[in-house]
Amino acid sequence: MKLVAVSLCLVFGACAHPSEQRIAYNGAPYADYHQHLFSPALAALMSPAPPAKPFQAITASDLVRLLDSAGIKRALVLSAAYIWSQPRRKVENDYEKVKADNDWTAEQVALYPSRLVGFCSTNPVREWALEEMARCAKNPNFHGLKLHFGNSVVDYHNPAHVEQVRQVFKAANDYHWPIVVHMRATISANLPYGRDEALIFLNEMLPAAPDVPVQIAHLAGAGGYEDPLVDQALAVFVEAIRRGDPRTRRLWFDVAAVVDSDAPPQQLGLIATRIRQLGVKRILYGSDGASGANTPAALWAKFQTLPLSVADFRTIANNIPPYMR
């Protein structure tokens, strides 16, 4: 395997073995486990007002070309249909738009059945959340569920929201659906997030889906890792895994958009430390929506600026969760 040199100070106890320092794994990950497509309608919704450049639609063909250029065989496509029900957008008849966008994503994924795996999405605190899951469960091109607590404005301290999320998790468990969850509470509405909220997730939400893999997106954040509240939340899972909490048996963590190559060495070292504490066999590579320069290849290169060993990168690159087998 070809090795390339990197120059990064190794800190926070995350150093590679001395024989592996200053080198990085140069293979491609087997799959990108956090990707999105964007329908023309959704791209139009997300576009800023002119004269700003409009947001571009991303089709399955676009994504496969990017995977090919990165040497990545497969991708998990997470429907972004939930964006239509984001409260701040105030879309009229939003559920009809959510259904249409889930259907579009399923049709796109079906064009590349050997390359792409599709997950349906819903807003878990809307009255139609379970109805949409039941509808998606009849579609053979969907194999799991994507939830975005931030976009859906899920409030961990609202008992009704917690119960609705529990019902959604239970339904996914009944459908034998793995779950990918962006568990970071919304930043724009300034909802609380940190250790207490991660404990609510672990103690009250996660137990409702005991039999399926649950993938926590962005290492429990929303991209990047500069916010200390995100590290507080992730530490809850580090501690639970360390003590052998059975609720963590099927937990996975993706690193989509977590690493900023301009981040200080202390931040990169902390991310590497947390990855090792969680266990590299639980870590999945992801790059998030391929807008602008955020391509699967570019984000994989950024990820490799972490002070991890060749063995760590190799393990992460070749991790395959049950839903992709």
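At what angle do helix α6 and helix α7 pack, and how far apart are their axes? I opened the notebook with this pair, keeping in mind that the model is a predicted one.

**Entry 1: α6 and α7**

I looked up helix α6, residues 159–174, against helix α7, residues 195–205, and found that they pack at an angle of about 50°, with their axes 10 Å apart. An angle under 35 degrees would have counted as roughly parallel and one of 65 to 115 as roughly perpendicular, and I therefore entered α6 and α7 as oblique to each other. The crossing in which α6 passes α7 is right-handed. I then listed the residues in contact: from α6 these are Val162, Val165, Arg166 and Phe169, and they meet Ile200, Phe201, Glu204 and Met205 of α7. Sorted by class, this contact of α6 with α7 holds six nonpolar residues and two charged ones, with no polar residue.

**Entry 2: α7 and α8**

I stayed with α7 and turned to helix α8, residues 228–242, where I noted that the two axes come within 7 Å and cross at roughly 45°. α7 and α8 are therefore oblique to each other, and α7 passes α8 in a right-handed crossing. On the α7 side I wrote down Arg195, Ala198, Leu199, Phe201 and Leu202, which meet Gln232, Ala233, Val236, Phe237, Glu239 and Ala240 in α8. By class I have eight nonpolar, one polar and two charged residues for the contact of α7 with α8. Phe201 is a residue I had to enter twice, since it is listed in the contact with α6 and again in the contact with α8.

**Entry 3: α3 and α4**

I next took α3, residues 94–110, and helix α4, residues 129–137, which pack at an angle of about 25° with their axes 11 Å apart. That angle makes α3 roughly parallel to α4, and here too I recorded a right-handed crossing, α3 passing α4. The contact is made by Tyr95, Val98, Lys99, Asn102 and Asp103 of α3 together with Glu131, Glu132, Arg135 and Cys136 of α4. I sorted the contact of α3 with α4 by class and obtained three nonpolar, one polar and five charged residues.

**Entry 4: the sheet**

Which strands stand at the edges of the sheet? I traced an open sheet of eight strands in the order β3-β4-β5-β6-β7-β8-β9-β10, with parallel pairing. β3 (31–35) and β10 (283–284) are the edge strands, each having a single partner strand, so one side of each is left without a neighbour in the sheet. Within the sheet I looked at strand β8, residues 214–216, which pairs with strand β9, residues 251–254, in the parallel sense over three bridges. In this region Ile216 stands opposite Phe253 in β9.

**Entry 5: backbone in two loops**

I checked the backbone for a cis peptide bond and found one joining Pro50 and Pro51, with omega of about 10°. Pro51 lies in the loop that runs between α1 (40–46) and α2 (60–70). I also marked Asn93, which has a positive phi of about 55° although it is not a glycine. Asn93 sits in the loop between β4 (74–78) and α3 (94–110).

**Entry 6: the whole chain**

I closed with the protein chain as a whole, which has 11 helices and 10 strands. Its C-alpha atoms fill a box of roughly 60 × 40 × 40 Å along the principal axes. For 325 residues a compact globule would have a radius of gyration near 20 Å, and the chain has 19 Å, so I noted that the value agrees with that expectation.

Definitions and conventions
Residues numbered from 1 in each chain as written. Predicted model: local features only at pLDDT ≥ 70, side-chain atom pairs only at ≥ 80, totals over all residues. Heavy atoms only, no water. Axes fitted to C-alpha atoms, helices over the stretch in contact; angles between N-to-C directions. Helix = DSSP H or I, 4+ residues; strand = E, 2+ residues; numbered from the N terminus. Parallel < 35°, antiparallel > 145°, perpendicular 65-115°, else oblique. Left-handed = near helix turned anticlockwise from the far one by under 90°. Contact = heavy atoms within 4.5 Å. Nonpolar A, V, L, I, M, F, W, Y, C, P; charged D, E, K, R; others polar. Pairing = 2+ DSSP bridges. Rg over C-alpha atoms; globule rule 2.2 N^0.38 Å.
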